[in-house]
Amino acid sequence: MNRRTFLRTTGLGAASLFAGCQLRAGSAPPPKRPNVIFLMADDCSAREYSSYGNTETRTPVLDRLGETGVRFKTCWCTPICSPTRAMTVTGRYAFRTRWWHNDMKPRGKEPGADLSKHHRIFAQPLKEAGYATAICGKWQMRGTEDAYGFDEYCMWRKWDGFDGPVEEEGHALPGRPARYWHPAIVRNGQGVKTAPTDYGPDIFVDFLLDFAGRHKDRPFLVYYPMCLTHGSWDFEADRRGYLPVPELDADGKPTGRKVPGSLRSNVEYADALVGRIVKGLEALGLRDSTVIFYTCDNGTAVYGKNKTAGERGPLVPMIVNGPGVVQPTGARDELVSLVDIFPTLLDLAGVAVPDDYVLDGRSFAWILRGRPGTGREYVFCNLADKRLIRTRRWLLDGDGRLWDCGHNRSGEGYKDVTDSGSPEALAARRQFDEWLKDLPGPDADDPLLARYRERQAKKRPKRLKGKATKKPGA
């Protein structure tokens with residue numbers, strides 16, 4: 001058995017062992033278990049939000065949640081969606097799940113394709129502890145919602161009898177139904193009848209607030225992996241891109257008109273949806289007892305998605321707010337990762353991690369509670385056969401470049417010190433090399449790696465004359 005196989009099968013990586021011990025030795029749980037709403041936008045870098053420096057897009061709701069809660073300057077995911085979702089729900093890196101890339105993960109009946117059969121899912125221990133659990137939005141998993149620990153669901157999914165638009169031959173994925181206007185949605189096993197004027201993200205928020213209202217007398221968890229801000233096929237305009245969003249008046253009510261599709265309009269509508277959730281919780285009397293998390297699954301399409309150079313791919317927002325639970329400390333320098341969500345949710349709920357389950361994540365609930373603690377030394381992620389890792393100051397990207405980030409957390413403007421012989425740069429590289437011994441990439445003989453490389457070779461575009469047109473990812 002080689003070192004990598006040993007780490008994967010025993011779960012005795014130093015960082016993981018410490019993570020589990022750190023959570024179990026943590027502070028006592030709060031007297032009342034909080035509700036949790038975990039929101040994950042799709043394809044949207046931190047830089048798209050005004051609280052992270054965007055001067056054109058307006059996200060006042062999230063700005064306010066960050067100011068009156070906690071906003072982490074550096075939160076990492078994986079630079080593409082499926083591996084991020086796997087690390088989020090399991091609390092484990094790709095060298096344990098083998099979800100390395102959208103095109104490099106177990107499929108069909110291969111071992112590991114259904115994460116719920118080989119790993120714990122964060123909803124499961126919360127459900128076992130008495131939480132009502134629900135998921136809505138975009139699934140991107142194999143297996144059933146029930147097996148993943150969710151009592152109820154409302155998901156973008158085609159169903160028999162759906163009469164809305166569906167992608168045809170020549171589109172990115174023939175047979176894929178609409179997710180935005182006139183969407184295909186299944187709620188708890190039943191297809192939802194929708195009309196051309198119905199907007200999918202609104203329906204998901206309706207479900208979320210309905211679930212919260214029906215379970216207001218017990219703690220609940222809602223996981224909402226959003227469709228926004230992902231590009232899609234616009235069936236009305238017969239093109240691919242960002243779709244129009246509903247126009248809202250000054251009171252946040254739909255006017256019946258649409259705002260043209262753009263990244264900005266989609267981000268701003270996602271912000272408005274968070275505002276609806278906040279107001280809905282206030283109306284239900286649940287605002288003070290509910291913790292809202294807002295993050296994204298990877299960097300913006302074209303800009304960061306699927307990128308391993310620099311920090312564009314993994315850098316996403318992380319805003320957490322809960323008036324009765326989360327201390328309002330604003331912007332924070334501590335490093336966090338979406339692999340930390342599993343232990344953080346359990347820590348907030350006062351639920352112990354199962355003794356036989358090894359986590360790569362570390363709880364950052366101590367930060368949310370405003371208590372002293374020790375933060376991460378580094379954040380890390382895999383993408384296919386690439387590895388990225390950074391500390392507060394230094395970054396080693398997936399292309400092997402070493403960067404001095406200084407105090408900068410924007411993802412841009414870092415100093416390339418790959419060829420530097422300075423003692424500090426050399427020491428940083430040595431430290432990264434030491435940590436990476438316990439954070440392996442795929443084995444050279446992994447059949448998933450061979451399949452991935454073969455698929456990438458087939459997808460490599462041919463050189464064409466003329467200018468390339470940049471469009472949102474699939």
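Colleague: How many salt bridges does a search of the whole structure find?
Modeller: The search gives 40 salt bridges, and the model is a predicted one.

Colleague: What makes D333 and K73 a salt bridge?
Modeller: The closest N and O atoms of D333 and K73 are 2.9 Å apart. The cut-off is 4 Å between a side-chain nitrogen of Lys or Arg and a carboxyl oxygen of Asp or Glu, so the pair of D333 and K73 qualifies.

Colleague: Which parts of the chain does the pair link?
Modeller: D333 is in strand β14 (residues 330–337) and K73 in strand β2 (residues 70–76). The two residues are 260 residues apart, and the pair links distant parts of the chain.

Colleague: Why is D333 called partly exposed?
Modeller: D333 has 32% relative accessibility. Partly exposed lies between the limits of under 20% for buried and over 50% for exposed, so D333 belongs there. K73, at 28% relative accessibility, is partly exposed by the rule just given.

Colleague: What makes R332 and E334 a salt bridge, and are these residues buried or exposed?
Modeller: Their side chains meet at 2.8 Å, N to O, which is within the 4 Å limit. R332 has a relative accessible area of 18% and E334 has 11% relative accessibility. Buried means under 20%, so R332 is buried, and E334 is buried as well.

Colleague: How do you know that D404 and R393 form a salt bridge?
Modeller: Their closest N and O atoms are 3.0 Å apart, and the limit is 4 Å. D404 lies in strand β18 (residues 402–404), while R393 is in the loop between β16 (386–390) and β17 (394–396), so the pair ties together parts that are 11 residues apart in sequence. D404 counts as buried because its relative accessibility is 15%, whereas R393 is partly exposed at 29%.

Colleague: Which residues are linked in a network of salt bridges?
Modeller: The network links D42, R85, K138 and D297.

Colleague: Why is N321 called buried?
Modeller: N321 has 3% relative accessibility. The limit for buried is under 20%, so N321 counts as buried. N321 is found in strand β13 (residues 315–321).

Colleague: What makes the pair of N321 and R287 a polar contact?
Modeller: The side chains of N321 and R287 are 2.5 Å apart at this contact, and the cut-off is 3.5 Å between N or O atoms. Leaving out residues up to four places away in sequence, N321 touches several residues, among them R64, L65, T68, R287 and V326.

How values were computed
Residues are numbered from 1 along each chain as its sequence is written. This is a predicted model: local features need pLDDT of at least 70, side-chain atom pairs count only at pLDDT 80 or more; totals for chains, interfaces and linings use all residues. Side-chain values use heavy atoms; hydrogens and water are left out. Helices (H or I, at least four residues) and strands (E, at least two) are DSSP runs, numbered from the N terminus. Buried means under 20% relative accessible area, exposed over 50%, partly exposed in between (1.4 Å probe, protein chains only). A polar contact is a pair of N or O atoms within 3.5 Å; within protein, one must be able to donate a hydrogen and the other to accept it, and residues adjacent in sequence count only if both atoms are side-chain atoms. Contact means heavy atoms within 4.5 Å.
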